[in-house]
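Visitor: I would like a close look at one part of this model, the place where its helices pack, and then an account of how that part sits in the rest of the chain. Please take it slowly and residue by residue where you can.

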Amino acid sequence: MRIAVFGANGPTGRHLTDQALTAGHEVVAVTRRPGSLLPGRPGLAVAVADATDPAAVDAVIAGTDAVLSALGARFGKETITVYSASATAITRAMTRHGVKRLLTVSSSIADPNWRPTGAHLFNHVLDPLVNRRLGRTLHEDMRRMEALIRRTDLDWTLVRPSGLFEHPVVTEYHTAETSADGVFTARTDLAASMLRELDERRYVRTAMGVITTAVKPNVAKLIWHEGVKKK
């Protein structure tokens with residue numbers, strides 16, 4: 001299968017690209033900054049494009065069989081539009097070219113009823129402070145993206161991980177419709193769940209929550225690497 005991966009040079013996109021190539025897919029890795037995504041691996045083509053540019057997105061999607069988006073943005077006080085703007089460009093191009101299958105990374109926060117069982121510190125301290133205050137503008141745009149995608153006739157899946165962290169290998173993970181009952185998701189597991197869903201089609205035209213069950217991150221290191229260090 002020929003797959004367009006948007007955000008291919010981002011933290012999740014790199015895992016998604018590597019795993020897709022290992023699984024035997026052809027990958028068009030779409031990124032604004034190629035970085036370490038150098039062409040030369042069998043099955044890999046690198047496309048330098050802005051995911052919010054309709055003409056650039058149209059050229060990338062032509063000739064593909066599916067689109068996987070791992071685009072992301074940092075927290076900020078200003079209005080964030082990258083999720084909704086890229087979704088607009090991607091879905092319109094897919095409709096024009098007759099490409100039906102779309103999987104895009106969103107967040108468990110997009111489910112207003114998501115509250116992980118037994119996670120008192122997270123539910124009452126970290127979630128209100130980090131996600132619903134510091135991350136408010138980011139998650140507002142994620143919700144706009146989800147609403148836009150839901151209105152299309154595509155075979156979409158909204159992929160909702162919980163707190164993302166780095167782990168070197170794919171582990172045991174759990175998926176569930178709407179959102180999954182857990183606090184953390186390894187990026188390797190997120191990528192693996194997307195590729196499995198691409199084949200199995202269990203969550204077409206709905207949301208798929210995904211959480212890691214085998215390992216947990218060090219919370220202090222997670223906050224440092226995912227928040228403070230990136231600023």
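Guide: A good place to begin is a contact between two helices, in which Val 82, Tyr 83, Ser 84, Ala 87, Thr 88 and Thr 91 of helix 3 meet Leu 138, Asp 141, Met 142, Arg 144, Met 145, Leu 148 and Ile 149 of helix 5. By residue class, this contact of helix 3 with helix 5 divides into eight nonpolar, three polar and two charged residues. The model is a predicted one, and the values that follow are to be read as computed from it. Helix 5 covers residues 136–150, and its axis lies 7 Å from that of helix 3, at an angle of about 20°. Since angles under 35 degrees count as roughly parallel, helix 3 and helix 5 are therefore roughly parallel to each other. The crossing in which helix 3 passes helix 5 is right-handed.

Helix 3 also packs against helix 2, which comprises residues 54–61; here the angle is about 45° and the axes are 9 Å apart. That angle makes helix 2 oblique to helix 3. Helix 2 contributes Pro 54, Val 57, Asp 58 and Ile 61 to the contact, while helix 3 contributes Ala 89, Ile 90, Ala 93, Met 94, Arg 96 and His 97. Sorted by class, the residues of this contact of helix 2 with helix 3 are seven nonpolar, one polar and two charged. The crossing of helix 2 past helix 3 is right-handed.

From the helices one can turn to the sheet, which is open, has eight strands in the order 3-2-1-4-5-6-10-8, and shows mixed pairing. Its edges are formed by strand 3 (44–48) and strand 8 (173–177), each of which pairs on one side only. Ignoring direction, neighbouring strands of this sheet are turned by 20° against each other on average. Helix 3, residues 82–97, packs on this sheet and touches strand 1, strand 4 and strand 5 (101–105), with its direction at about 170° to that of strand 5. Two of the strands that helix 3 touches, strand 1 and strand 4, pair with each other in the parallel sense over four bridges, strand 1 being residues 2–6 and strand 4 residues 66–69. Within that pairing, Ala 4 has Val 67 of strand 4 as its bridge partner. Another helix, helix 6 (residues 187–200), lies across strand 1, strand 4, strand 5, strand 6 (155–161), strand 8 and strand 10 (206–212), and runs at about 165° to strand 5.

One residue of the sheet repays a closer look, namely Val 30, which belongs to strand 2 (residues 26–31). With a relative accessible area of 2%, Val 30 is buried, because buried means under 20% relative accessible area. Apart from its neighbours within four places in sequence, Val 30 is in contact with Val 5, Phe 6, Gly 7, Ala 8, Ala 47, Ala 49 and Val 60. The C-alpha atom of Val 30 is separated by 8.2 Å from that of Asp 50, a residue 20 residues away along the chain.

For the setting of these parts, the protein chain as a whole contains seven helices and ten strands. Of its 231 residues, 52% count as buried. Among contacts in the protein chain with a separation of 6 or more, 69% are accounted for by residues 24 or more positions apart.

Definitions and conventions: Residues numbered from 1 in each chain as written. Predicted model: local features only at pLDDT ≥ 70, side-chain atom pairs only at ≥ 80, totals over all residues. Heavy atoms only, no water. Pairing = 2+ DSSP bridges. Axes fitted to C-alpha atoms, helices over the stretch in contact; angles between N-to-C directions. Contact = heavy atoms within 4.5 Å. Parallel < 35°, antiparallel > 145°, perpendicular 65-115°, else oblique. Left-handed = near helix turned anticlockwise from the far one by under 90°. Nonpolar A, V, L, I, M, F, W, Y, C, P; charged D, E, K, R; others polar. Buried < 20%, exposed > 50% of the residue type's maximum accessible area, 1.4 Å probe, protein only.
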